[in-house]
2 protein chains.
Amino acid sequence: MGKNHKKLLNNLEELRRSANLTQQELSESAEVSRKSINAIENGIYVPSTVLALKIAKTLGCKVEDLFKLP
Amino acid sequence: MGKNHKKLLNNLEELRRSANLTQQELSESAEVSRKSINAIENGIYVPSTVLALKIAKTLGCKVEDLFKLP
DNA sequence: ATTCAATGTAACGCAAACTTACCATCATTA
DNA sequence: TAATGATGGTAAGTTTGCGTTACATTGAAT
């Protein structure tokens with residue numbers, strides 16, 4: 001990421017819970033490790049665009065719904 | 001990017017031209033280097049989510065409009 | 001209370017994103 | 001012709017995304 005980019009706000013946990021999915025289930029749908037989902041929810045890092053698109057698709061929302069610029 | 005992720009299709013150049021912006025101008029709006037914009041347009045790499053959000057915002061569209069899963 | 005599913009955490013490593021900087025090409029224009 | 005602006009190539013270096021493995025904690029529920 002570029003120097004001046006600030007961290008994003010994310011609603012992943014909330015939207016995942018609304019969809020009644022566990023981290024495990026979401027990770028399988030999005031074809032990533034559970035660790036990645038877990039780390040994203042906890043703000044350890046922001047996912048790549050590919051991953052963000054897959055998660056949004058799985059949850060039936062837009063990338064913009066999941067992550068917001070500060 | 002994760003192992004199994006395929007490259008995205010992208011419409012960046014088309015949308016940038018529609019907005020009448022040069023690579024330089026877009027890069028300034030999105031606070032990244034011109035090389036990054038250039039590399040994304042040419043499929044060298046896919047931007048991070050932060051960058052994708054900034055570009056989409058600058059171009060008045062959604063991340064989903066810019067990049068599509070194969 | 002014990003069990004079991006769900007979640008959190010940490011260390012290590014590789015691949016990808018992103019930067020800076022310099023150079024080439026092509027089109028336009030002074 | 002020279003100069004300027006937009007784009008594309010290359011390359012080295014740093015940071016971050018993400019996987020893997022393995023273990024700890026929490027909470028629910030029977």
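Copies here are superposed by least squares on the C-alpha atoms of residues with pLDDT of at least 70 in both. Keep that in mind for the opening result. And keep in mind that this is a predicted model.

So, the two protein chains. Superposing chain B on chain A takes a rotation of 179 degrees, with 0.0 Å of shift along the axis. The RMSD is 0.1 Å. The two copies are therefore related as by a two-fold rotation axis. The same surface serves both of them: 96% of the contact residues of chain B recur in chain A.

Now the inside. The largest nonpolar core has 36 residues. Which residues have the most contacts inside it? They are A:Ile55 and B:Ile55. Several elements give two or more residues to this core. In chain A they are H3, H4 and helix H5, residues 63-66. In chain B they are H3, helix H4 (49-59) and helix H5 (63-66). In general, nonpolar side chains in soluble globular proteins tend to be buried together.

Let me zoom in on B:Ile55. Leave aside its neighbours within four places in sequence. B:Ile55 is then in contact with B:Leu12, B:Leu26, B:Ala30, B:Ile37, B:Ile40 and B:Leu66.

Next, helix H3 of chain A, residues 34-41. Its buried residues are A:Ser36, A:Ile37, A:Ala39, A:Ile40 and A:Glu41. What covers them? The cover includes strand E1 (9-10), helix H1 (12-18), helix H2 (23-29), helix H4 (49-59) and strand E2 (67-68) of chain A. After H3(A) comes A:Gly43, with a positive phi near 70 degrees.

On to the DNA. Strand C first. 20 residues surround DNA strand C. The closest are A:Lys35, A:Asn38, B:Ser36, B:Tyr45 and B:Ser48. So both chains appear in that list. Look at the DNA atoms within 4 Å of the protein: 61% belong to sugar or phosphate, the rest to bases. Which elements supply this surface? H1 and H3 of chain A, together with helix H3 (34-41) of chain B, each supply at least two residues near DNA strand C. The largest share, three residues, comes from H3(A). By type, the surface near DNA strand C divides into seven nonpolar, eight polar and five charged residues.

Now some individual contacts on strand C. An N or O atom in the side chain of A:Arg16 is 3.0 Å from a phosphate oxygen of DNA strand C. A:Asn42 places a polar side-chain atom 3.4 Å from a phosphate oxygen of that strand. From the other chain, an N or O atom in the side chain of B:Ser33 is 2.8 Å from a phosphate oxygen of DNA strand C.

Strand D next. 20 residues surround DNA strand D. The closest are A:Ser36, A:Tyr45, A:Pro47, A:Ser48 and B:Gln23. Of the atoms of DNA strand D that come within 4 Å of the protein, sugar and phosphate account for 67%.

Here H3 of chain A, together with helix H1 (12-18) and H3 of chain B, each supply at least two residues of the surface. Which helix gives the most? H3(B), with three residues. The surface near DNA strand D divides into six nonpolar, eight polar and six charged residues.

The contacts on strand D: a phosphate oxygen is 2.7 Å from an N or O atom in the side chain of A:Ser33. A polar backbone atom of A:Val46 is 3.1 Å from a sugar or linking oxygen of DNA strand D. And an N or O atom in the side chain of B:Gln23 is 2.5 Å from a phosphate oxygen of this strand.

Let me stay with B:Gln23. This residue lies in helix H2 of chain B, residues 23-29. Is B:Gln23 buried or exposed? B:Gln23 has 16% relative accessibility, so it counts as buried. That value is for protein chains only, and the cut-off is under 20%. The side chains of B:Gln23 and B:Glu41 are joined by a polar contact of 3.1 Å. Not counting residues up to four places away in sequence, B:Gln23 touches B:Arg16, B:Arg34, B:Ile37, B:Asn38 and B:Glu41.

Last, two loop residues. A:Glu31 lies in the loop between H2 and H3 of chain A. Its phi is positive, near 60 degrees, and A:Glu31 is not a glycine. At 48% relative accessibility, A:Glu31 counts as partly exposed.

B:Asn20 is in the loop between H1 and H2 of chain B. B:Asn20 also is not a glycine, and has a positive phi of about 55 degrees. With a relative accessible area of 67%, B:Asn20 is exposed.

Technical notes: Residues are numbered from 1 along each chain as its sequence is written. Chains are lettered from A and ligands numbered from 1 in the order in which they are written. This is a predicted model: local features need pLDDT of at least 70, side-chain atom pairs count only at pLDDT 80 or more; totals for chains, interfaces and linings use all residues. Side-chain values use heavy atoms; hydrogens and water are left out. Contact means heavy atoms within 4.5 Å. Buried means under 20% relative accessible area, exposed over 50%, partly exposed in between (1.4 Å probe, protein chains only). Helices (H or I, at least four residues) and strands (E, at least two) are DSSP runs, numbered from the N terminus. A residue is near a molecule or strand if one of its heavy atoms lies within 4 Å of it. A polar contact is a pair of N or O atoms within 3.5 Å; within protein, one must be able to donate a hydrogen and the other to accept it, and residues adjacent in sequence count only if both atoms are side-chain atoms. Ala, Val, Leu, Ile, Met, Phe, Trp, Tyr, Cys and Pro count as nonpolar, Asp, Glu, Lys and Arg as charged, and the others, Gly among them, as polar. A nonpolar core is a set of buried Ala, Val, Leu, Ile, Met, Phe, Trp, Tyr and Cys residues joined through side-chain atoms within 4.5 Å.
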